[in-house]
Amino acid sequence: MSRASRSWQASDDLPQSVGGPSTLSMPDDWTLSTAWKRAQSEDDRGGAINDAERVVYLSDGDSTHRVLWALQGRTLVADCDCAGYQYHGGWCAHVASLWWQWVRGQIVVAHLDTGREYPSPPAWLRLDDEPTAFNQLTPAELDAYLTCDLGSLGVREYARLSGRSPGTIGNLLRSARDEMEGRR
């Protein structure tokens, strides 16, 4: 079974299962809040549960928190089971810690639709985009569209990296563009 053919399901092996995905956006009045300071100064002793969820256990904290942390469409979806997540508009210390780890290359984030893993934020990432905006595309079309049209790779370079022919990538892109044209 390929990674792209799998779909994410919330795991039920931990209590306090995280709900549906929401998107993040940087606050207009962003400052280095306590949550961000904790994210940068404390170690995370948690780890991955599955492709989309992580346990975050900050070194100065007294409990673990379950966080949905994955890419979907062109955005990052996140949700944390702590009260700070709701209070801070999505940027609690646990979510901020995962962001800090990701931009520093310490964790890998999976794309729920394509199965591709990203060791750092991709060039096409938009934090406030609609997660379902690309639902009409197949995983292969979405991957080609994000990588070539919205990302930094050309068709031939992406074909070499993905093991597909340039013609196949061209066909995937044409199909994705046709599907997306009606949505703009």
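This section describes the fold, the helix α4, the salt bridges and the cysteines of a predicted model.

The protein has 184 residues, of which 41% count as buried. Its secondary structure comes to six helices and seven strands. Read from the N terminus, these elements follow the order β-α-β-β-β-β-α-α-β-β-α-α-α. Among the contacts in the protein with a separation of 6 or more, 59% are accounted for by residues 24 or more positions apart. For residues 65-103, an unreviewed UniProt entry lists the feature "domain: SWIM-type". Over this segment the chain is 41% helix and 36% strand. The C-alpha atoms at the two ends of the segment lie 20 Å apart.

Helix α4 spans residues 139-149. The helix is mostly covered, with eight of its eleven residues buried. These buried residues are Glu141, Leu142, Asp143, Ala144, Tyr145, Leu146, Thr147 and Cys148. They pack against strand β7 and against two further helices, α5 (155-162) and α6 (166-181). The list of buried residues in α4 includes Glu141 and Asp143, and the surroundings of these two acidic side chains were examined in turn.

Glu141 is buried yet takes part in no salt bridge. The nearest side chain of opposite charge belongs to Arg174, at 9.8 Å. Because a salt bridge requires the nitrogen and the carboxyl oxygen to be within 4 Å, that separation does not qualify. The side chain of Glu141 does, however, make a polar contact with the side chain of Ser175, at 2.4 Å. With neighbours within four places in sequence left aside, Glu141 is in contact with Gln136, Leu172, Ser175 and Ala176.

Asp143, by contrast, forms a salt bridge with Arg116, with a distance of 2.5 Å from N to O. This pair links distant parts of the chain, since Asp143 lies in helix α4 and Arg116 in the loop between β6 (109-110) and β7, 27 residues apart. Asp143 is buried, with a relative accessible area of 7%, whereas Arg116 is partly exposed, at 30%.

In total, the structure holds four salt bridges. Another of them involves helix α4: Asp149 is paired with Arg177, and the closest N and O atoms are 2.6 Å apart. Asp149 lies in helix α4 and Arg177 in helix α6, so this salt bridge ties together parts that are 28 residues apart in sequence. Both partners are partly exposed, Asp149 with a relative accessible area of 32% and Arg177 with one of 39%. A further salt bridge joins Glu53 and Arg66, whose closest N and O atoms are 2.9 Å apart. Here the link runs between strands, with Glu53 in β3 (residues 53-56) and Arg66 in β4 (residues 65-72), 13 residues apart. Glu53 and Arg66 are both buried.

The loop between β7 (117-118) and α4 contains Thr132. This residue is partly exposed, with a relative accessible area of 36%. The side chain of Thr132 makes a polar contact with the side chain of Glu130, at 2.8 Å. The C-alpha atom of Thr132 is also separated by 6.2 Å from that of Gly73, although the two residues are 59 positions apart along the chain.

The cysteines were considered last. A disulfide is a covalent bond between the sulfur atoms of two cysteines. A search of the whole structure finds zero disulfides. For Cys80, the closest cysteine sulfur is that of Cys82, at 3.6 Å, which is too far for a bond. The closest cysteine sulfur to that of Cys92 is likewise in Cys82, at 3.6 Å, and this too is too far for a bond. Neither separation meets the criterion for a disulfide because the two sulfur atoms would have to lie within 2.5 Å. Cys80 is buried, with a relative accessible area of 4%, and Cys92 also counts as buried, at 2% relative accessibility.

Key
Residues numbered from 1 in each chain as written. Predicted model: local features only at pLDDT ≥ 70, side-chain atom pairs only at ≥ 80, totals over all residues. Heavy atoms only, no water. UniProt positions renumbered as here; feature names shortened; annotations may be inferred. Helix = DSSP H or I, 4+ residues; strand = E, 2+ residues; numbered from the N terminus. Buried < 20%, exposed > 50% of the residue type's maximum accessible area, 1.4 Å probe, protein only. Lys, Arg positive; Asp, Glu negative; His and termini not counted. Polar contact = N/O pair within 3.5 Å; in protein donor to acceptor, adjacent residues only side chain to side chain. Contact = heavy atoms within 4.5 Å.
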